[in-house]
Amino acid sequence: MKSFILTISLLHFITFFALAQDKKTEADDHYKKLEEKYKRLKDSLALTPFIPAVSSVIINYQQIEVNFFTSLISTNKYRDDHGQLLDINARQTYLYNTVQVNYGVSKNARFNVGLNINSIFGRIDQDRNSSPFKVFGSDATGNSRYARAITSIGPRVGWRPFKNNYNFTVQSSFSFPAFVSTEDENILGRRQIYFLAQFLYNQPLSKRLFLFSQLSTQYGFERDNAPAVFYTPVSVYLSYLIPRKTILFALFNYVPVFTKNDSWTYNRYITQVGGGVQYQISRHFLINTYYAANIKGKNYPDFDSYNISLRYISLKH
């Protein structure tokens with residue numbers, strides 16, 4: 001009888017262990033599929049955050065400029081290959097942070113050098129109705145995943161190519177990936193070297209109305225686990241000055257994405273509209289905040305974007 005009871009108990013234990021393993025395997029498989037799906041979507045989002053109303057000017061000789069950009073983007077939907085908006089059975093949220101330091105090295109105020117430091121907080125929640133603000137916390141249960149890291153660092157330059165034209169500037173930078181673990185890379189995106197060039201033109205339309213246009217080209221170099229990618233965003237900002245310290249602006253962004261596998265293909269894009277306000281706090285500080293929403297796209301997450309930036313500039317020498 002004792003042998004029979006022990007045998008039955010052993011069978012129950014083996015069965016329970018096997019079922020637990022099966023459930024774990026199913027959960028792992030579900031997570032891997034989710035992770036692969038979002039890694040592909042995340043790779044659409046390697047654009048460097050940039051708010052031209054804050055940092056489009058070339059500073060004077062020996063001046064110091066510090067810009068801090070933060071951008072919260074979140075979605076539980078994406079646009080497929082036909083541009084149809086589909087639900088995602090999860091919520092994807094990212095918090096981008098960029099610290100940018102510039103220094104004026106030209107006595108005629110035509111050349112700046114500087115440094116960019118980029119970090120990302122990323123979160124994939126299995127609950128699609130979860131709050132985007134959970135990206136600020138590190139707790140993750142079930143199939144939810146969270147990661148944060150300094151993702152890249154690199155030099156930058158700003159240049160005013162025409163001596164008597166203060167409206168047109170060129171800015172460019174290299175971005176070199178920092179160490180990110182393989183597990184975190186699955187959440188935060190693949191590590192690549194990026195080169196960014198931005199062509200900026202500010203056209204006054206009246207004493208208070210300004211049209212700002214920006215053409216960017218960003219190239220991500222091919223790596224073993226990532227194809228080469230090329231972004232060419234076009235942005236237009238219409239700004240209105242409310243004397244003396246406030247600027248209201250509307251924006252339009254179009255971001256096409258070209259990817260090289262066997263050959264270059266144009267397979268992703270997004271179109272955004274939005275608006276915001278900029279306020280000059282003092283001679284040293286100004287703040288800029290805006291909201292942007294995706295209105296059309298293909299093979300791209302349907303993110304809402306909330307952006308805040310703060311600029312410090314030293315006084316002229």
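1. A salt bridge, as the term is used in this note, is a side-chain nitrogen of Lys or Arg lying within 4 Å of a carboxyl oxygen of Asp or Glu. By this rule the count for the structure comes to five salt bridges, and three of the pairs are discussed below. The structure is a predicted model, and the first matter to consider is therefore how confident the predictor is along the chain.

2. The average pLDDT of the chain is 83, and 82% of the residues reach a score of at least 70. Two stretches of low confidence deserve a careful reading. Over residues 2-24 the pLDDT stays under 50, and the model shows zero contacts beyond four places in sequence for this stretch. Residues 37-46 also have a pLDDT below 50, but this stretch has 38 contacts in the model beyond near neighbours in sequence.

3. Which residue forms a salt bridge with Arg-311? The partner is Glu-65, and the closest N and O atoms of the two are 2.7 Å apart. Arg-311 belongs to strand 14, which covers residues 304-313, while Glu-65 belongs to strand 1, which covers residues 64-79, so the pair ties together parts that are 246 residues apart in sequence. Arg-311 is buried, its relative accessible area being 11%, and Glu-65 is buried as well, with a relative accessibility of 1%. Both values can be checked against the cut-off, because a residue counts as buried under 20%.

4. A second salt bridge brings together the side chains of Asp-87 and Arg-128, with a distance of 3.2 Å from N to O. Asp-87 sits in strand 2 (residues 85-104), whereas Arg-128 sits in the loop between strand 3 (111-125) and strand 4 (145-159), so this pair ties together parts that are 41 residues apart in sequence. Are these two residues buried or exposed? Asp-87 counts as exposed, at 51% relative accessibility, and Arg-128 is partly exposed, with a relative accessible area of 22%.

5. A further salt bridge is formed by Arg-123 and Asp-125, whose closest N and O atoms are 2.8 Å apart. Arg-123 has a relative accessibility of 3% and counts as buried, and Asp-125 likewise counts as buried at 3%.

6. Strand 7, which covers residues 209-220, is a useful strand to follow through the structure, beginning with strand 6 (residues 194-204), to which 11 bridges join it in an antiparallel arrangement. A hairpin of four residues links strand 6 to strand 7, and across this pairing Tyr-201 stands opposite Ser-213 of strand 7.

7. Strand 7 also pairs with strand 9 (residues 234-242), the two running antiparallel and being joined by seven bridges; here Phe-210 has Ser-239 of strand 9 as its bridge partner. With strand 8 (residues 228-231), strand 7 again pairs in the antiparallel sense, over three bridges, and in this case Tyr-219 stands opposite Phe-230 of strand 8. When tracing such strands on the structure, it helps to recall that in a regular strand the side chains alternate between the two faces of the sheet.

8. The last point returns to strand 14, where Ser-309 is found. Ser-309 counts as buried, since its relative accessibility is 1%. How far apart are Ser-309 and Val-99 in sequence and in space? They are separated by 210 residues in sequence, while their C-alpha atoms are 9.9 Å apart in space.

Key: Residues are numbered from 1 along each chain as its sequence is written. This is a predicted model: local features need pLDDT of at least 70, side-chain atom pairs count only at pLDDT 80 or more; totals for chains, interfaces and linings use all residues. Side-chain values use heavy atoms; hydrogens and water are left out. pLDDT is the predictor's confidence in each residue, from 0 to 100. Contact means heavy atoms within 4.5 Å. Buried means under 20% relative accessible area, exposed over 50%, partly exposed in between (1.4 Å probe, protein chains only). Two strands pair if DSSP finds at least two bridges between them.
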